[in-house]
Number of protein chains: 2
Amino acid sequence: MQRHGKETMKYGAVLNRFLPGILENEEATKTTSQDDISQNVEEVQKIIGYDFNDRNLLRQAFTHTSYHKDCISYERLEYVGDSVLNFMITKEHFSKYPDLPPGLLSPLRAANVDTEKLARAAVKHSFHKYLQHGKPILTRRIQSFINVIPEYPLHSHGLIDAPKMLADVVESTIGAVFIDSNSSIDTTWEVAKILLEPIITPEMLETNPVKKLYETCQKHKLKVRVVDMWSHDGSFEVFVDDQMRGKGMCHVKKEIALNRAANKAYNEVIGMLSVGNINI
Amino acid sequence: MQRHGKETMKYGAVLNRFLPGILENEEATKTTSQDDISQNVEEVQKIIGYDFNDRNLLRQAFTHTSYHKDCISYERLEYVGDSVLNFMITKEHFSKYPDLPPGLLSPLRAANVDTEKLARAAVKHSFHKYLQHGKPILTRRIQSFINVIPEYPLHSHGLIDAPKMLADVVESTIGAVFIDSNSSIDTTWEVAKILLEPIITPEMLETNPVKKLYETCQKHKLKVRVVDMWSHDGSFEVFVDDQMRGKGMCHVKKEIALNRAANKAYNEVIGMLSVGNINI
């Protein structure tokens, strides 16, 4: 087993390098040659800083069920990786934050292993370039996700819609390293740390936008009213003292639509409070 | 670290030994002397086959938040134990069932680590005798659970209502062993195997009663109708070909009431099919 140094890439560099690849991905993934596959394996090994004893495991980790009926998909590796990752983060937090109660440990773990965090990790480390799948819609969803990331540099807490497949491939890669390294938690954690960087700390953990809005309004004696129109048009509207201050939409997930509306209203309220014109 | 042999006890023996203790538990837990605590630690160590380097960890593992404001409760250990247990079962199943897809691995893991399975493990290994808590209602709920266990020797799949605190204490014990053994998965798995015995296999995994009922009725062209009266009186009624064949109640959890009704209806349908009088 050899270890490489970290490869640090800015989002800008990742975008420039892989946007053309993403747009062509639909066909490209279907026609990958043996040479390309070997090169892809080399590249991913370099990114994650781990050389596989069984390279088939890494190929499997990057293969979606839609790719080819004769290929083994990443599902089992993802199942293991999810559990290993959850365990490693729990272990890390338990020793690192000896006084943190589970009520705070739990959201901290969630922020580090949820779909959005892992999908961000996948994009940051160019995993989407190497994904083998046969669903054009996934390519488009990945592209939309990449476009919206710059708006929320660290974590949007559900405000943006992250493709699950991107999170899956991070988990399957972690699962593959775990199996390949003969169940070595130490080795797997080294890889996971590279992938999850920056690991979210309690200080970085932002409050949910809905909670933030309610807390701020309560403090300043402002009345909040939320209008749920999600089943009608995928939207939520937030009124503060009977004035509409935020509208959010998301047809895929109700919670995201609500969070978006609350976030806009929160920013408006904060802006108004800071200039003292809340009643204008 | 010393290891003990397994202590195997039948449910009958457990019941006879601890029913009086359970009934007196409310006061007993409040007046435990230092000598009693030391003896309890000895006994639990013998049950789980593991001697602690730091016995305070084991005491903490058996202390509910309701016990005493100056005592550290099991919450953090339970948080770790839950994650360690999930990981160990996942790892075990991954290697033991190389061809099982995640769609089957997932319910198999759930059946081995869910509240009911762990609460059964707690009762089987007499953990409830050593629990330190200050809530009389928990003692009564544990007693009701113990009374109903004999009806479902292995797992009821939600048909019976298991007290979460019993499951918690199994997880906190596993967490305590993990921390005390310097994060040794091998040592922790040895203890978990003793506690979870018998570990549920794919062959032992019964189908959910609702699914079983629907599948059987579909096969025999019988019409199923479920009447939800849960918000009214905590019950569900199941009609097969317009005849009421099963009624189930549970005021705590809707799913359990439905499962009970479906289970009764299923047993009736199977009985009728076997004697060929389904239309009588």
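# Exercises on salt bridges, a buried aspartate and backbone geometry

Arg225(A) has a relative accessibility of 38% and therefore counts as partly exposed. The model used in these exercises is a predicted one.

## Exercise 1: Charged pairs

Determine which residue forms a salt bridge with Arg225(A), and state where the two partners lie.

Solution. Step one is to find the partner, which is Asp242(A), with the closest N and O atoms 4.0 Å apart. Step two is to place both residues: Asp242(A) sits in the loop between strand S2 (235-240) and strand S3 (243-249) of chain A, whereas Arg225(A) belongs to strand S1 (residues 224-229) of chain A, so the pair ties together parts that are 17 residues apart in sequence. Step three is to set the pair in context, since the structure holds 24 salt bridges over all chains. Among the charged groups of chain A there is also a network of salt bridges that links Glu78(A), Lys164(A) and Asp168(A).

Now turn to chain B and describe the salt bridge between Lys223(B) and Asp242(B).

Solution. The closest N and O atoms of Lys223(B) and Asp242(B) are 3.3 Å apart. Lys223(B) is found in the loop between helix H11 (209-219) and strand S1 (224-229) of chain B, and Asp242(B) in the loop between strand S2 (235-240) and strand S3 (243-249) of chain B, so that this pair ties together parts 19 residues apart in sequence. As to accessibility, Lys223(B) is partly exposed at 46% relative accessibility, and Asp242(B) is partly exposed with a relative accessible area of 48%.

## Exercise 2: A buried aspartate

Establish what surrounds the side chain of Asp180(B), given that this residue is buried yet has no salt bridge.

Solution. Begin with the location: Asp180(B) lies in helix H9 of chain B, which covers residues 164-180. Next, look for a charge partner; the nearest side chain of opposite charge is that of Arg55(B), 9.0 Å away, while a salt bridge would require a separation within 4 Å. Then look for polar partners, of which the side chain of Tyr50(B) is one, making a polar contact at 2.5 Å with the side chain of Asp180(B). The backbone nitrogen of Asn53(B) is also found 2.9 Å from a polar atom of the Asp180(B) side chain. Finally, list the contacts: leaving aside residues up to four places away in sequence, Asp180(B) touches Tyr50(B), Asp51(B), Phe52(B), Asn53(B), Asp54(B) and Leu57(B).

With which residue does Arg55(B) form a salt bridge?

Solution. The partner of Arg55(B) is Glu42(B), and the closest N and O atoms are 2.8 Å apart. The pair links distant parts of the chain, 13 residues apart, with Glu42(B) in helix H2 (residues 34-48) and Arg55(B) in helix H3 (residues 55-61) of chain B. Glu42(B) is partly exposed, having a relative accessible area of 42%, and Arg55(B) is partly exposed with 30%.

## Exercise 3: Helix packing in chain A

Describe how helix H5 (residues 102-113) and helix H6 (residues 115-124) of chain A pack against each other.

Solution. Two packed helices are described by the angle between their axes and by the distance between those axes. For H5(A) and H6(A) the angle is about 35° and the axes are 5 Å apart. The contact is made by Ala111(A), Asn112(A) and Val113(A) from H5(A), together with Thr115(A), Lys117(A) and Leu118(A) from H6(A). By character, the residues of this contact comprise three nonpolar, two polar and one charged. As background, the secondary structure of chain A comes to 13 helices and three strands, and buried residues make up 50% of its 280 residues.

## Exercise 4: Backbone geometry

Identify where the backbone of each chain shows a cis peptide bond or a positive phi outside glycine.

Solution. Most residues other than glycine have a negative phi, and most peptide bonds are trans. In chain A the peptide bond from Glu197(A) to Pro198(A) is cis, with omega near -5°, and Pro198(A) lies in the loop between helix H10 (185-196) and H11 of chain A. In chain B a cis peptide bond joins Glu197(B) and Pro198(B), with omega about -5°. Turning to phi, Asp241(A) has a positive value of about 50°, and this residue lies in the loop between S2 and S3 of chain A. Asp242(B), already met in a salt bridge with Lys223(B), has a positive phi of about 65°.

Notes
Residues are numbered from 1 along each chain as its sequence is written. Chains are lettered from A and ligands numbered from 1 in the order in which they are written. This is a predicted model: local features need pLDDT of at least 70, side-chain atom pairs count only at pLDDT 80 or more; totals for chains, interfaces and linings use all residues. Side-chain values use heavy atoms; hydrogens and water are left out. Helices (H or I, at least four residues) and strands (E, at least two) are DSSP runs, numbered from the N terminus. Buried means under 20% relative accessible area, exposed over 50%, partly exposed in between (1.4 Å probe, protein chains only). Lys and Arg count as positive and Asp and Glu as negative; His and the chain ends are not counted. A polar contact is a pair of N or O atoms within 3.5 Å; within protein, one must be able to donate a hydrogen and the other to accept it, and residues adjacent in sequence count only if both atoms are side-chain atoms. Contact means heavy atoms within 4.5 Å. Axes are lines fitted to C-alpha atoms, for helices over the stretch in contact, and angles run from 0 to 180 degrees between N-to-C directions. Ala, Val, Leu, Ile, Met, Phe, Trp, Tyr, Cys and Pro count as nonpolar, Asp, Glu, Lys and Arg as charged, and the others, Gly among them, as polar.
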